[in-house]
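This report describes the fold of a single protein, going from its overall make-up to its sheet, its cores and one chosen residue. The sequence and the structure come first.

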Amino acid sequence: MATQKHSPAIKGAKVLMVGAGGIGCELLKTLALSGFQDIHIIDMDTIEVSNLNRQFLFRQSHVGQSKAKVARDAVLKFRPHISITSYHANVKDPDFNVDFFKQFNVVLNGLDNLDARRHVNRLCLAADVPLIESGTTGFLGQVTVHVKGITECYECQPKPAPKTYPVCTITSTPSKFVHCIVWAKELLFAKLFGDKSQANDLNVRSGDGASSSEQAEDVFEHRKDEDIEQYGRRIYDHVFGYNIEVALSNEETWKNRTRPKPIYSRDALPNDVSQQNGNVEKNGATTDPSSVSAMISLGLKNPQDVWSLMENSRVFLEALKLFFMKRGKEIGNLTFDKDDQLAVEFVTAAANIRATAFGIPLHSLFEAKGIAGNIVHAVATTNAIIAGLIVIETVKVLQNDTKNYRMTYCLEHPTKKMLLMPVEPFEPNESCYVCSETPLSLEINTSRAKLRDIVEKVVKNKLGMNSPLIMHGAALLYEVGDDLDEAMIKNYAANLDKVLSEFPSPVTSGTMLTIEDLQQELSCNINIKHREEFDEEKEPDGMVLSGWTPATSVVKDDKKSNANAGSTSSASELEADKNNEAETAPGKKRKLSEVLDADTSSVAGDTKSHGKLEVLDDDDDEVVMFDNWDSATNKKLRLQ
């Protein structure tokens, strides 16, 4: 409960919470018990069974209902006299504009993705409303304070990005189980059950050639008169047998690598397929297609068992059959979902069969699901600690106690005898294009590139703008919005396919483009620099944006198991480089690396603290792809 001293600031405050998941449930409860009288909550998600072990405001009977509304009702039962307003909506909806944000004294984020966090950050800057960010991953957590003009904004520092892998490694020379998972999930699953019109690298093979690609296309097509079990075996033989033999034909590739062994269904399943398949009727009683399971059909019960090659082969064929027999209407539109049991079974089996061929250790369904879904299992206690820290910082913000603002990090192991590491917030980054309005620079071939390239690759993808407007001087090149008439929409659509140098006011070297997002009330300038050639491998976008802080590549060496309403993938970080300092005494700062250096081994194994110490996302069971799942188990803090 709040003290008498804090009471006036708390009772008169109007607070906006964004996110009612793991952190959100704990935060709403703590705000209510601390005396806050006017709370608004936005969350677009509905309650899932997997939420119930840590989001304690929810019960089994609430599954499928709005998180924001159920959380509101639950808290009002023990605090009936306070005002809680819930919104079952996306915070990026136009209704939640700058004017909406201006009515609040403080905004508290419990989000799980970078895009939404950037959006809220920009709205808070435009509305001049303090923002308190937070996130948890397992035993790790952080709370950061962002006040316009006083502390850095959420985008002043780079955020970690998921690890990516070269296509050639995934398709031809996998060496880790995660490579097999990516192949099964992003290539094979997408090829068989996803959008057929999308490009797919499944047929990229060393020494392959056009004829092989053509054959592959024929193989993946299910023939009308073909028995589904024959089709399954044909797919099996092609991807685990023929394709690997084709890869082996390039001797140069395997000079310094262990050669894989092609696997055919006749070898993995020596008996007749009819004796090996499962009982589809065991799934017959279910009315929910997403609950169909190959494990149920085959009588496999423990998801933590590591299946043999024969068991993986049976699961692979059974899952493929069930997709066609029980979920045929979805084929062509499916994307992998960690909560789709059949999809997880198929990907696990396919990854394990491929791992067997390449001599990589096999994994259980439980482990494979963690890797494929980028899961880091949430810890309720961490959420509760972080919620308490959010409220502490909220009280400071409401009292305008700027000297005592702290970014606080929750650690798994004591460092300098501390599990909670407070750090004085950093000042705004003068080169931040979001809060400091520093111009950006874009190197691009203005004779070849089109406006569409800038809109999609820069404005939307890198700068995260939702409703962009692009101007060259007084000329309006592009705009989106509900108030545009049909002629304007056609005109701007046509502009997208124009080469930059061919506009009536040519966009060439030296041109200054002004980019605005009216919803976020964000504006920035981009200086255009013409450049003829780009390295396709290092600069695949065919352009280079400078002055923008790119996501840092996060190479995970932890065994993770996450966190809030869709996660993933953004992470706050505790900087430990030569430019960042942590407070050790009033008026005195020293480098955070010095604070952590002595006890870093207790935090992250033998890794020394000379880079970034990262804490990941909020709490809804998903984070980032691990480069090494096996070594990931024991490390929760990662140093770059």
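## Overall make-up

The protein has 21 helices and 21 strands, and the model described here is a predicted one. Of its 640 residues, 54% count as buried, while the area that the protein exposes comes to about 27500 Å², of which carbon and sulfur atoms supply 48%.

## The open sheet

Eight strands form an open sheet with mixed pairing, and their order across the sheet is β3-β2-β1-β4-β5-β6-β8-β9. Because β3 (83-87) and β9 (418-423) stand at the edges, each with a single partner strand, one side of each is left without a neighbour in the sheet. From one strand to the next, the twist averages 20°.

At the β9 edge, strand β8 (residues 407-415) is joined to β9 by five bridges, and these two strands run antiparallel. One residue can be followed across this pairing: Thr415 has Met418, in β9, as its bridge partner. At the β3 edge, helix α3 (residues 67-76) lies across β2 (38-42) and β3, and this helix runs at about 165° to β3.

## The nonpolar cores

The largest nonpolar core has 60 residues, and those with the most contacts inside it are Phe316 and Phe346. The elements that give two or more residues to this core are listed below with their residue ranges.

| Element | Residues |
|---|---|
| α7 | residues 177-193 |
| α8 | residues 210-220 |
| α9 | residues 228-248 |
| α12 | residues 294-298 |
| α13 | residues 309-326 |
| α14 | residues 341-357 |
| α15 | residues 365-372 |

Among these helices, α7 gives the most to the core, with 12 residues. When neighbours within four places in sequence are left aside, Phe316 is in contact with Leu188, Gly232, Ile235, Tyr236, Phe240, Phe346, Ala349, Ala350 and Ile353. Apart from this core lies another, of 41 residues, and its members include Met17, Ile41, Leu52 and Ala74.

## Ser297

Ser297 has its place in helix α12, one of the elements that give two or more residues to the largest nonpolar core. Is Ser297 buried or exposed? The relative accessible area of Ser297 is 3%, and this residue is therefore buried, since the cut-off for that class is under 20%. Ser297 and Leu322 are 25 residues apart in sequence, and in space they are 9.4 Å apart, C-alpha to C-alpha.

Key: Residues numbered from 1 in each chain as written. Predicted model: local features only at pLDDT ≥ 70, side-chain atom pairs only at ≥ 80, totals over all residues. Heavy atoms only, no water. Pairing = 2+ DSSP bridges. Helix = DSSP H or I, 4+ residues; strand = E, 2+ residues; numbered from the N terminus. Axes fitted to C-alpha atoms, helices over the stretch in contact; angles between N-to-C directions. Contact = heavy atoms within 4.5 Å. Core = buried A, V, L, I, M, F, W, Y, C linked by side-chain atoms within 4.5 Å. Buried < 20%, exposed > 50% of the residue type's maximum accessible area, 1.4 Å probe, protein only. Areas by Shrake-Rupley, 256 points an atom, 1.4 Å probe, with all protein chains shown as cover.
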